[in-house]
Amino acid sequence: KHKKWSLLVIDTSTGELKLGNIQREELESWLQIYQPREILARKFMHDELRELALRVGDKICLATLPEAILRDKEGQSKFLRAQFAIEAIEGLPCGDVFGGLELLAASFQYLQNLKASISQFLSVRKLRDEDRMILDETVRRDLELFETLRRRDAEGSLFRELNQTRTPMGARLLRYDLARPFLSPVPI
């Protein structure tokens, strides 16, 4: 079992893609931040992810990544040229990510199989922003960012108190900003 995982965050409504490597034990933390509706993974990982999804939030669907493209280097290169007009993943802002090209190609094939549009995806950013602080689970819990300590309830959390957003997209951005605060006051 690899300790390093490739993680791709896809927001089909905004066309945002973020790609990077994480340690296996970081996955729950990333799921807490993004609160995904669906997780795409290889079939053999579903049992572990189902258990994790139950701890993180409700109603997370699990879907299976297409396997064949994960081993098809030529198909991956073709996808990269067609989608981003580049020859190598290093040409994207995310840079070279272990297992990244395979994951990108398989995820896009999954979306295409669903007849979903992929034209809104123009680039792939880094998963980790260098200009942001990473708060671990203990800090987020102690600060009651997303749930209260006593009742483990969203009601009364900082996120719930601050959330005056009008769209789910805005709520996701606020959640991300609280979980990964800026290091510099300028962007704030």
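The following paragraphs describe the confidence, the sheet and one helix pair of a predicted model.

Across the protein, the pLDDT averages 89, and 98% of the residues score at least 70. Confidence is not uniform along the chain: the highest mean, 95, belongs to helix α4 (residues 100-113), whereas the lowest, 82, belongs to helix α5 (residues 137-142). In general, predicted coordinates should not be read in detail where pLDDT is low.

The model contains an open sheet of 3 strands, arranged in the order β1-β2-β5 and with mixed pairing. Strands β1 (4-11) and β5 (125-126) form the edges of this sheet, each of them pairing on one side only. Strands of a sheet pair through backbone hydrogen bonds, in either a parallel or an antiparallel manner, and both arrangements are represented here, given the mixed pairing of the sheet. Between β1 and β2 the strands run antiparallel and are joined by 8 bridges; within this pairing, isoleucine 10 stands opposite leucine 17 in β2. The two strands form a hairpin with 4 residues between them, in which glycine 15 adopts a positive phi near 80°. On the β5 side, strand β2 (residues 16-23) runs parallel to β5 and is connected to it by 2 bridges, with leucine 19 standing opposite lysine 126 in β5.

Turning to the helices, α1 (residues 27-34) packs with α2 (residues 46-56) at an angle of about 45°, the two axes lying 10 Å apart. Because this angle falls neither under 35 degrees nor within 65 to 115, nor over 145, α1 is oblique to α2. The crossing in which α1 passes α2 is right-handed. On the α1 side, the contact is made by Leu27, Glu28, Leu31 and Gln32, and on the α2 side it is made by Leu49, Leu52, Arg55 and Val56. By class, the residues of this contact of α1 with α2 comprise 5 that are nonpolar, 1 that is polar and 2 that are charged. The nonpolar residues are accordingly contributed from both helices, with Leu27 and Leu31 of α1 and Leu49, Leu52 and Val56 of α2 among the contacting residues, while Glu28 of α1 and Arg55 of α2 count as charged and Gln32 of α1 counts as polar.

Definitions and conventions. Residues are numbered from 1 along each chain as its sequence is written. This is a predicted model: local features need pLDDT of at least 70, side-chain atom pairs count only at pLDDT 80 or more; totals for chains, interfaces and linings use all residues. Side-chain values use heavy atoms; hydrogens and water are left out. pLDDT is the predictor's confidence in each residue, from 0 to 100. Axes are lines fitted to C-alpha atoms, for helices over the stretch in contact, and angles run from 0 to 180 degrees between N-to-C directions. A crossing is left-handed if the near helix is turned anticlockwise from the far one by less than a right angle, and right-handed if clockwise. Contact means heavy atoms within 4.5 Å. Two strands pair if DSSP finds at least two bridges between them.
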